[in-house]
Amino acid sequence: MDQHVTPLFTALKKHAAGNPVQFHIPGHKKGLGTDAEFREFIGDNALSIDLINIAPLDDLHQPNGVILEAQKLAAEAFGADYTYFSVQGTSNAIMTMILSVCSEGDKIIVPRNIHKSVMSAIIFSGAKPVFVSPVQDENLGIDHGITTSALEKALRRHPDAKGVLVINPTYFGVCADLRSIVDLAHSYGVPVLVDEAHGVLIHFHEDLPVSAMQAGADLAATSVHKLGGSMTQSSVLNLNAKTGLVNPQRVQTILSMLTTTSTSYILLASLDTSRRNLALNGHEMAARTIALSNYARDAINNIDGLYSFGKEILGTEATFNIDPTKLNIHVRHLGITGYETENWLREKYKIEVELSDMYNILCLITPGDTQESVDKLISALRVLSAIHYSKGEIYELKVQVPEIPQLALIPRDAFYADTQVVPFRESAGYIIAEFIYVYPPGIPILLPGEVITQDNIDYIIDHVEIGLPVKGPEDRSINYVKVIVEAEPIS
């Protein structure tokens, strides 16, 4: 296929150039009815292609024209048999993956450090999650992925699972051996669904980890907007039909059920054009990004008190490969937290990072970075080190997560059950009806349907008392928690 063309974007420009008289939504009608300041800032070009699914522009819900052409070009670019556009982010694509393979009561094997969209889909479908613990990095205080051996244990116990979900790469850019994971799951006839939110560039360069499609996975939700240049909330869902484990028509149906009928053509156009850019220039873009990342990593590792891991951590089941464009910076040896580092960089240098936790900050190096932007980060970190290195007490690295609680109810049953509110400190033995996440490391400690233990309570209270983020429950102070009144446990 000719990857130079942009069928959807070209059709949008042609339609706008014809200057049609519009008696359809959106009501701003090419910007004439919008706020003047906003219009001046956004520009008339953008507003002229903020359109809806009129005949010349195809329909994302039943594509048979320019959107279908654009998706076919994307499928070729990403090495997929089918590619579906999402204007509701990778969250929508992840939920589509799970709902495409799971029905009520079906088991799905998932890592414990899942994105909240995974649990949303599990609740919507009525599936029963089988959790596998990710490997914790005792030197960095972060989590990696699940291993092939851990998955094998899960599949032996649950060979009737309808799917396996894998994060590849992790938020921090670390990958397990995805090919062996896929081969193992397929030997049980189980499809592999990949949360590839942070892996769009890995499709386009041999020095990056293997992509889900290259590894033979069945479905992969990929955030083009995170690292590939498209606009926020635009992602793709890639499907490998060769295994026959996933029905492409069902995927389209589920995606349509979850997607707004007022699809954004600006977002769709940004997917079309970003696909072109990646297909034609992705290798060069990735090479430049890798080089900048390695330059930054080398410089940071020469700054007192800072450490950014690289290939030296490879060699275990959980650390089979890394994406070097994820720049994790360990700040513990400066005697400050990642949170303090994030705030300092914002206030002193107007630098914004991707995330921070107790021990780390994460900076994403993308094709949008330059030598100048990377040097600004390095210079700021040198100043930070000069201020703090050898000046204070170093935090003890301690990231321990309680055992995964017993799942007494399918999450959907717990989420929709009759509930009551009880004091959190007195909630041991109750079945929780909401979520509780603790940062770091961001793994859910309690999910709907699980039995609260005293270890859970103590762990969460310890984090609350030292001021670390605890998220999820309706009562943000964590004084009270919502639990099940009564329910029949699953067998």
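A disulfide is taken here as a pair of cysteine sulfur atoms within 2.5 Å. By that criterion, a search of the whole structure returns 0 disulfides. The structure is a predicted model, in which local features need pLDDT of at least 70 and side-chain atom pairs count only at pLDDT 80 or more, while totals for chains, interfaces and linings use all residues. Residues are numbered from 1 along each chain as its sequence is written, and side-chain values use heavy atoms, with hydrogens and water left out.

Two cysteines illustrate the result. For Cys363, the closest cysteine sulfur belongs to Cys175 and lies 19 Å away, too far for a bond. Cys363 is also buried, at 7% relative accessible area; here buried means under 20% relative accessible area, exposed over 50%, and partly exposed in between (1.4 Å probe, protein chains only). Cys102 likewise counts as buried, with 3% relative accessibility.

Cys102 appears again among the neighbours of Ser125, a residue of helix 6 (residues 116-125). Helices (H or I, at least four residues) and strands (E, at least two) are DSSP runs, numbered from the N terminus. Ser125 is buried, with a relative accessible area of 6%. Neighbours within four places in sequence aside, Ser125 is in contact (heavy atoms within 4.5 Å) with Leu99, Cys102, Ser103, Glu104 and Arg412.

Helix 7 (residues 148-157) offers a clear example of a two-sided helix. Its buried residues are Thr148, Leu151, Ala154 and Leu155. These residues lie on the same side of helix 7 because they cover an arc of only 120 degrees around the axis, the arc being that of the directions from the helix axis to the C-beta atoms. An α-helix has 3.6 residues a turn, so residues three or four places apart point the same way. The other side of helix 7 carries the exposed residues Lys153, Arg156 and Arg157. Among the elements covering the buried residues of helix 7 are strand 2 (107-111), strand 3 (128-132), strand 6 (163-167) and helix 8 (178-187).

Two further residues bring together distant parts of the sequence. Asn456, in helix 15 (residues 454-465), is buried at 0% relative accessible area. Its C-alpha atom is separated by 6.3 Å from that of Pro402, although the two residues are 54 residues apart along the chain. Pro402 is also one of the contacts of Asn456 beyond four places in sequence, together with Glu403, Pro405, Ile445, Leu446 and Val451. Leu314, by comparison, sits in the loop between helix 11 (265-300) and strand 11 (321-322) and counts as partly exposed, at 27% relative accessibility. Leu314 and Cys175 are 139 residues apart in sequence, with 9.5 Å between their C-alpha atoms. Leaving aside neighbours within four places, the contacts of Leu314 are Thr319, Phe320, Asn321 and Ile322.

The backbone also has some features to look for. A cis peptide bond joins Ile25 and Pro26, with omega about 5 degrees, and Pro26 lies in the loop between helix 1 (7-17) and helix 2 (36-42). The bond from Asn168 to Pro169 is cis as well, with omega near -10 degrees; Pro169 belongs to the loop between strand 6 and strand 7 (174-175). Positive phi in a residue other than glycine is found at Lys350, near 55 degrees, and at Ile478, about 60 degrees. Lys350 is exposed, with a relative accessible area of 75%, whereas Ile478 is buried at 8%.

Empty space was then examined. On a 1 Å grid over the protein atoms alone, a cavity is a set of points where a 1.4 Å probe fits but cannot get out, and a pocket is an open set with protein on both sides within 12 Å along at least five of seven lines; lining residues have an atom within 4 Å of a point. Grid points are joined across faces, edges and corners, and a volume is the space filled by probe spheres set on the points. The search finds 3 cavities of 30 Å³ or more, the largest having a volume of about 60 Å³. Its lining consists of Leu60, His61, Gln71, Phe85, Gln252, Leu255, Ser256 and Thr259, and helix 10 (residues 248-258) supplies the largest share, 3 residues.
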